[in-house]
Structure formats: structure tokens, C-alpha cells
Amino acid sequence: MKTVLVTGGAGFIGSNFVKYMLNQHPDYKIVNLDVLTYAGNLENLSDIEENKNYVFAKGDIADRPFVQDLFEKYDFDTVVNFAAESHVDRSIEDPEIFVQTNVMGTLVLLDEAKNHWQTGKDENGYPTYREGVRYHQVSTDEVYGALGKTGMFTETTPIAPNSPYSASKASADLVVRSYGQTFKLPVTISRCSNNYGPYHFPEKLIPLMISNVIALKSLPVYGDGMQIRDWLHVKDHCSGIDTILEKGVAGEVYNIGGNNEKANIEIVNLIIENVGEKLRTGKYDIDNDGSKISKDLITYVEDRLGHDRRYAIDNTKITTKLGWKPSYTFEEGIVETIEWYLNNQEWLERVKSGGYKEYYENMYSKK
Ligand code: NAD
């Protein structure tokens, strides 16, 4: 029996991870700490509300007394930190909250983990910790900056973030590293490529495009659309993190990626084709028969400032040293994801209208 603190568990990847862990480890207790920003949606977790091994705690990772109380109450063995401001475009508009949450919040979690887990000091003055504890930081390939036409990011690629978002994530990684080096806290870091899958907030490329195609709205594509990203199904990201928790070595960084490099415009074209094909079958309860879906919906818009051209992840370390491999091909995963959005129109509508916030009010006012 382990007690795991998952932060940011009401977001896209965090909510998939909470469910993955409850499924995979029925003997674990999972405490989800989330402040519920615009990106946090408890409706993502409505199917596990009654699970006796799951607890939700509303709070800010940067709120030290709150985090300290939570450690005292639940005596965590493991921390997995997903909580973050995560949208590059928002970080260009308002960088400050990115530094506050992503850097200061990480510092508070590390400090409280260290204080709570410390058992004493060794002969050299380094803190010692109780057996089996681990702090895991969920990071991103964006900390490595951008690649040219060739090459891949390995774990030894120098950190060179280009956006305020990636700079805040890189800063957090360095603080995590320093706690491993200076205080010997058992830390690991994973750097993952772009995720896709169910419960993705529709401000990000794939859900935005699916949602706009369904609504016959224009599809805004940055610049020439030739920016290349490496895509991984969110469930494969979850299994990668779980593998690192089980087999990863403290102090190490692991890249997680699926060898699925795609240009943004390729993804948009694929979504247009696939959503159109599906809607033309008439099988879905959606007011769009697919006949007006075409590439004419694409609108090229001014490129994002400092837009990184290409990311690609070398996943050799996690695949060879820890035996992890992704279970989805991109072609299977994207079709399944499109199907999920077509079948979860109410979720999509509530997220787009902001109505999901009422879900929390209703749920918790009853308790
Ligand atoms: P998301 O924006 O969907 O979710 C973030 C969650 O964190 C939300 O539920 C939000 O309410 C919560 N949160 C924000 N500030 C908080 C605070 N101060 N205290 C507590 N909770 C707070 O993000 P996501 O796409 O699920 O990403 C999760 C993590 O994975 C992030 O750390 C991100 O950097 C990393 N990551 C994401 C991707 C990707 O493709 N989405 C890829 C690699 C790494």
C-alpha cells in the first residue's frame, strides 16, 4: 500500500494518470491536489468519485501551510507533480503566474517532501530519508529548445528553453535536480513529448481542431504549419511515469516519446479527413452531416512569437534501461481520440462554455 500525491490531477494528463494508477495499483491511495484553474475539470474524474482509494483536495501547490498539512494528514510515499500552467500562448501574454506555479510551487513540494521524509543525517551531513519515497517531476521536451531538420533530444541535450512556459519548466527541473544533488532527495524527472488523448482542453492543437471541424469553424494554423512535434498518447505517458516510479533510478532524467514526428498541418489534414469520414456515416448525434467539411476550413494565421520549429525525443534510455514501450501507434491513437470527442460532445460543450466550473460548485455544495 502506497499513498501517492498527484498534483494537477484535474487537468488533462493528471486526470488520465489518477485513473491509470487506481486501475493499475488497486492497493494504492491517490490524493489529487489541484487548485482548479481554468484547465482543471473535476468532471474528468466523475467516474472515480466513489472510489475509496481516491481523495480530492482543492489547494495550491505553492501554498506551503496547505501542502504541509496535507503531508501530515496523508503521509505520502510518492509525489508526482503535474500541476502547472501549461499553455505556451498564455505564457507569452502573462508569464508571471508560470513562474509562480511552475517554479515556486515545485519548490514548496520539494521542501515539504524533504521535511516530511527526512529521518536524520549521514556521517557527511547529508539528510537521510525513509525507505521507498520518491519525488517525481513531470517535465516536457520543450525545455531542450528547438531542433533543426535532424537530430533528437537526449537526456544530455543542454537545456535551452525558448518560451516563458518552457523556461519555467526548465527552471523547475533545475530546482528538482538541486534537491537531488544537495539534499540527496530521491528525485526523478521525465521529459515527455506532446500528448494527445481524451480530456484534452480544447485550446491545444488536436482538441481545438477536432472541436472546430465539428462546429464548422475555421481552423487557425500558425505560420506555414510545418512545425514538427513528436506525439504520444496520454496513456503511454502515464505508463512511462509509472515505469519510472517502479524502476527508475533516483537522480536520473528520462525522456518519454513515441517516435511519432508529425508536422502540425499533417495533423490538421488528418483530423479534417477523419472527422468528415465519420460524420458522413450519420452514426453520431451531431448536427453536422460532414458534407461541408473540407480543407477550405484552414486559415493560416500569424506565427506564434519564438515558435520552436521541431522537437523530437530519443527514448532509448527509458526503452532499454527500464523496458518501457508505447502501446499506441499514432494512427490508432488519433482515430480513437477523434471517436472519443465525437462521443463526448457534452463534455466538450461544457468545457468550451465554461459550464464545467458549475459541476464543481454543484458537486461540492452538496457535501
Ligand atoms: P493542464 O493545463 O491540462 O492541467 C494542469 C492542472 O494543474 C490543472 O488541473 C490545473 O488546475 C492544475 N494547477 C495549475 N496551477 C496549480 C496550482 N498552483 N496548484 C495546484 N494545481 C494547479 O496540463 P497538462 O497538459 O495535463 O500537463 C500536465 C503536466 O505535464 C504539466 O506539468 C506539463 O508541463 C506537463 N507536460 C504536458 C505535455 C502536454 O502535451 N500536454 C507534454 C509534456 C509535459
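How many residues surround the ligand, and which are the closest? The legends below address this point and then turn to other parts of the predicted model.

**View 1. The shell around the ligand.** In this predicted model, 31 residues surround the ligand. Gly8, Gly11, Ala39, Gly40 and Ala84 are the closest of them. Two or more residues of the shell come from each of the elements α1 (12-24), β2 (29-34), α4 (96-117), β7 (134-140) and β9 (194-196). Helix α1 makes the largest contribution, with three residues. Sorted by class, the shell holds 15 nonpolar, 12 polar and four charged residues.

**View 2. The annotated region, residues 5-336.** An unreviewed UniProt entry lists residues 5-336 as "domain: NAD(P)-binding". Within residues 5-336, 38% of the chain is helix and 19% is strand. The C-alpha atoms at the two ends of residues 5-336 are 29 Å apart.

**View 3. Packing of helices α1 and α7.** Two packed helices are described by the angle between their axes and by the distance between those axes. For α1 and helix α7 (residues 234-247), the angle is about 60° and the axes are 9 Å apart. Helix α1 is therefore oblique to α7. The crossing of α1 and α7 is right-handed. Helix α1 is also the element that gives the most residues to the shell around the ligand.

**View 4. Crossing of helices α8 and α10.** Helix α8 (residues 264-280) and helix α10 (residues 330-343) have axes that come within 11 Å of each other. These axes cross at roughly 55°, so α8 and α10 are oblique to each other. The crossing of α8 and α10 is right-handed.

**View 5. Tyrosine 199, a residue with positive phi.** Tyrosine 199 is located in the loop between β9 and α6 (205-214). Its phi is positive, about 70°, although tyrosine 199 is not a glycine. Within 10 Å of tyrosine 199 there are 22 other C-beta atoms, and the residue is therefore buried. Strand β9, at one end of this loop, is among the elements that give two or more residues to the shell around the ligand.

**View 6. Leucine 216, a residue with positive phi.** Leucine 216 occupies the loop between α6 and β10 (219-222). Although leucine 216 is not a glycine, its phi is positive, at about 55°. Leucine 216 counts as exposed because it has 12 C-beta neighbours inside 10 Å, and a residue with 12 or fewer falls in that class.

**View 7. Isoleucine 61 and glycine 105.** Isoleucine 61 belongs to the loop between β3 (54-58) and α2. It is buried, with 28 other C-beta atoms within 10 Å. Although 44 residues separate isoleucine 61 from glycine 105 in sequence, their C-alpha atoms are 4.9 Å apart in space.

**View 8. Phenylalanine 98 in helix α4.** Phenylalanine 98 is part of helix α4, one of the elements that give two or more residues to the shell around the ligand. Phenylalanine 98 has 26 C-beta neighbours inside 10 Å and therefore counts as buried. Valine 175 lies 77 residues from phenylalanine 98 along the chain, and the C-alpha atoms of the two are separated by 15 Å.

**View 9. Glutamine 118 in strand β5.** Glutamine 118 lies in strand β5 (residues 118-121). With 16 other C-beta atoms within 10 Å, glutamine 118 is partly exposed. From glutamine 118 to valine 176 the separation is 58 residues in sequence and 16 Å in space, C-alpha to C-alpha.

**View 10. Phenylalanine 71 in helix α2.** Helix α2 (residues 64-74) contains phenylalanine 71. Phenylalanine 71 has 17 other C-beta atoms within 10 Å and is therefore partly exposed. A distance of 54 Å separates the C-alpha atoms of phenylalanine 71 and lysine 292, which are 221 residues apart along the chain.

How values were computed: Residues numbered from 1 in each chain as written. Predicted model: local features only at pLDDT ≥ 70, side-chain atom pairs only at ≥ 80, totals over all residues. UniProt positions renumbered as here; feature names shortened; annotations may be inferred. Helix = DSSP H or I, 4+ residues; strand = E, 2+ residues; numbered from the N terminus. Near = placed C-beta within 6 Å. Nonpolar A, V, L, I, M, F, W, Y, C, P; charged D, E, K, R; others polar. Buried ≥ 20, exposed ≤ 12 C-beta atoms within 10 Å, placed from the backbone. Axes fitted to C-alpha atoms, helices over the stretch in contact; angles between N-to-C directions. Parallel < 35°, antiparallel > 145°, perpendicular 65-115°, else oblique. Left-handed = near helix turned anticlockwise from the far one by under 90°.
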